Amino acid sequence: MSGPRAGVPLIEAEDVAMHFRVGSALSALVGGRPALVRAVDGVSLTLMRGESVGLLGESGCGKTTMGRLLLRLLRPSAGRIRFDGEDIAALSGAGLRRFRARAQMIFQNPFEALNPRFTIAAALAEPLENAGIPRAEWAGRIERAMELVRLPDPGQFLARRPHQLSGGQLQRVVMARALLLDPDFVVADEPVSMLDVSVRAGVLNVFREVRARLGLTAIYISHDLALVRYVCERTVVMYLGRVVEDGPTEAMIEDPLHPYTRALVAAVPTPDPDQSHAPLPIGRGAPDARNPPSGCRFRDRCPLAHDRCAAEAPRPTRIGARTVYCHLHG
Amino acid sequence: MTETILDIRDLAIAYRVAQGEMRAVDGASLAVPAGTITGLVGESGCGKTTLARALTRVMPGNARLAGGQALFAGRDLMTLPEAEMNRLRWREIAFVPQSAMNSLDPVYRVGTQLREVLVGRGGMDRRRARARAEELFGMVGIEPRRLGDYPHQFSGGMRQRVAIALALALGPRLVIADEPVTALDVIVQRQILDQLLELQKGLGLSVILVTHDISVVAYVCDRVAVMYAGQVVEAGDVRTVLTRPAHPYTMGLCNAFPHLDGARGVLTPIEGAPPDLLAPPPGCRFAPRCPFAVDACRRQAPPVQAIGGTHLAACHRIAEAEALRARAARVETWAAMAETVA
Ligand SMILES: Nc1ncnc2c1ncn2[C@@H]1O[C@H](COP(=O)(O)OP(=O)(O)OP(=O)(O)O)[C@@H](O)[C@H]1O
Ligand SMILES: Nc1ncnc2c1ncn2[C@@H]1O[C@H](COP(=O)(O)OP(=O)(O)O)[C@@H](O)[C@H]1O
Ligand code: SF4
Ligand SMILES: [Mg+2]
Ligand SMILES: [Mg+2]
């Protein structure tokens, strides 16, 4: 074995873009053109089979959109996505159904992911029914999935409704639901952000364990590098719809190459009362996906920006196992 | 010794619910020194919001004071006539509600909402109110020209800044902020906390900061009170409580936290869930989840005891805290509880 990047690619995204057209009624009245939100704007990303990759960045940078594109829950405005060698845009019929079973999403808010009126048993049966799994297999599959997420004695939970479970238990049910169809690939979108810190640990442990046991290929979406570190060997940092850095998580924490990654590392909350209170090395203001700056998209908040940053978009520079998109490095 | 601006003694708040009466806060005590930030930390449902709201006496209809006092500069907020309490709100004690950023009225410009407090509550004339509104926006780091915007034109972080500006409008001495950075991403969270620290120092404010996140406590608080099932189980200065916790629950909280330093080991959850407050267990409320519980813990409620200085904890095994800390640092100690609480 020669590291996690070795092996066969499962997912290959090539120059993928997702532009949303948003027009307010008001702007239409005054004859304005509808705005274009560049949620994802030219992302290339390859995931090897069994690899687990963190997708990191601020609110609105396009993480969820990227996840939905990879699962074909959205159709890209440009670019191509291959899953196991096949272009997912071309899938239909039985091929699409097979893909839907193999690629699953674990949603952010367990309280919204499950219908409050359905029992846990019904919530777990639904994907099995939709996928046309013979009824005789249901009980076995449900039991196995519940065992994987460490909800021992499933009988105890199956008859309950979502509000009768704790947040941590609920998020495990949501995870079990994503595992019922033996997926190869899962996208977990901030699966612990709605949970109390005290129960996050349990859910993260389960995610890590399940991934390893099943050899899943996974994307873990978060804005908190401490969480990503805990489940992913590799991290991809996004800013305003683009990748700015990609590489091994530990190296990124020790020595962040991109100025934005540096700010993200410095912003990670820590329980240490003696931590630094130095101001974050990043300008204020929210990135605006309707109006991204020319050149490097981070330049208006970058403490190290120079002339070239406004003129050209940085191209990828390889440094060992890492890739960075910044004029300071290339 | 610094002056105590707020002294909460044995406070109990009960909610009337279908199955009976539930004490969401049940004998909580806490002293808030003036000019400091005191953190109130604990997991969801432990009574943080209930306690914080009780201090403003704006409580849901089914809530009632079931005992105790809250002395603000010597006067008991719990028994103050409503008219006097009303005079204290905003002017002396201000409250930033949980998810304040979603509580701004979407149909009014933020400047209008700010002026309403300044004119309606503070009795300022329009001119002074306008100048004060601009000053407040400057204080929380938003361009004053954006006073004319509607809440939806602001990001979550900016709306949280507006909520802080609202609380500061009439120059209160005590600010109670309920989860002011929960649900914000790490960069915005840090920027809001920096702003809060700067304002607190500059204005000499006393702040009670409610959170479930001990890293927020570590970053901004001078003192901290740890709540569990309606009670304060440990309190002290932040450094002592976070580096030498004396209560097993605090030890567990510190363990469960993912961070960037040190080895990427296994995280250690506190197994199980907090007790049903309609029928709390006899004895120590943490006993069912505590790896160190002995018979006495299941029979008798542990009293709050001083450990040294202002460090307090309510645990029967307080004398053994150091040895328990060593055991609490091991994953197996907590993993062993998984079977018991299931
Ligand atoms: N259906 C849509 N129509 C229009 N704009 C959208 C749509 N979905 C997302 N966007 C916009 O695209 C950008 C990226 O959104 P996305 O949800 O992918 O961000 P994110 O990184 O997941 O953020 P968060 O951390 O807040 O979840 C944002 O500006 C968002 O407002
Ligand atoms: N209006 C209410 N009526 C009945 N129960 C309530 C009400 N508000 C809160 N509770 C309950 O009181 C307990 C404490 O809640 P809360 O103070 O909101 O905790 P925290 O802020 O620590 O999460 C919880 O069990 C909660 O469900
Ligand atoms: S009193 Fe007993 S059960 Fe409660 S925290 Fe201390 S050791 Fe644990
Ligand atoms: Mg998202
Ligand atoms: Mg609360």
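In this predicted model, helix H2 (residues 63–70) of chain A lies across strands S1, S2 and S4 of chain A, and its direction makes about 120 degrees with that of S1(A). The strands beneath this description belong to an open sheet of 4 strands in chain A, ordered S2-S1-S4-S5 and paired in the antiparallel sense. At the edges of this sheet stand strand S2 (35–48) and strand S5 (86–87) of chain A, each of which has a single partner strand, so one side of each is left without a neighbour in the sheet. Within the sheet, strand S1 (residues 9–22) and strand S4 (residues 78–83) of chain A run antiparallel and are joined by 5 bridges, and A:Glu14 has A:Arg80 in S4(A) as its bridge partner.

Chain A also holds an open sheet of 8 strands with mixed pairing, in the order S6-S7-S8-S3-S9-S10-S12-S11. Here strand S6 (103–106) and strand S11 (317–319) of chain A take the edge positions, and because each has a single partner strand, one side of each is left without a neighbour in the sheet. From one strand to the next, the twist averages 20 degrees. Strand S7 (residues 185–189) and strand S8 (residues 217–222) of chain A pair in the parallel sense over 5 bridges, with A:Phe185 standing opposite A:Thr217 in S8(A).

Helix H12 of chain A packs on this sheet by touching strand S3 (52–56), strand S9 (234–239) and strand S10 (242–248) of chain A, while helix H3 of chain A lies across S6 and S7 of chain A. The angles of the chain A helices to strands are set out below.

| Helix | Strand | Angle |
|---|---|---|
| H2(A), residues 63–70 | S1(A) | about 120 degrees |
| H3(A), residues 93–102 | S6(A) | about 40 degrees |
| H12(A), residues 259–267 | S9(A) | about 110 degrees |

In chain B, H3(B) and helix H5 (residues 156–168) pack with their axes 9 Å apart and at an angle of about 20 degrees, and they are therefore roughly parallel to each other. The contact is made by B:Val110, B:Gln113, B:Leu114 and B:Val117 of H3(B) together with B:Val162, B:Ala165 and B:Leu166 of H5(B).

Chain B also coordinates the magnesium ion (ligand 5), through B:Thr49 (OG1) and B:Gln98 (OE1) at 2.0 to 2.3 Å. These two residues, 49 residues apart, link distant parts of the chain, since B:Thr49 lies in helix H1 (residues 48–54) of chain B and B:Gln98 in the loop between strand S6 (93–96) and helix H3 (110–121) of chain B. B:Thr49 is partly exposed, at a relative accessible area of 28%, and B:Gln98, at 38% relative accessibility, also counts as partly exposed.

Conventions
Residues are numbered from 1 along each chain as its sequence is written. Chains are lettered from A and ligands numbered from 1 in the order in which they are written. This is a predicted model: local features need pLDDT of at least 70, side-chain atom pairs count only at pLDDT 80 or more; totals for chains, interfaces and linings use all residues. Side-chain values use heavy atoms; hydrogens and water are left out. Donors are N, O and S atoms within 2.8 Å of the metal (3.2 Å for Na, K and Ca); water is not among the atoms, so sites may look incomplete. Buried means under 20% relative accessible area, exposed over 50%, partly exposed in between (1.4 Å probe, protein chains only). Two strands pair if DSSP finds at least two bridges between them. Axes are lines fitted to C-alpha atoms, for helices over the stretch in contact, and angles run from 0 to 180 degrees between N-to-C directions. Contact means heavy atoms within 4.5 Å. Angles under 35 degrees count as roughly parallel, over 145 as roughly antiparallel, 65 to 115 as roughly perpendicular and the rest as oblique.
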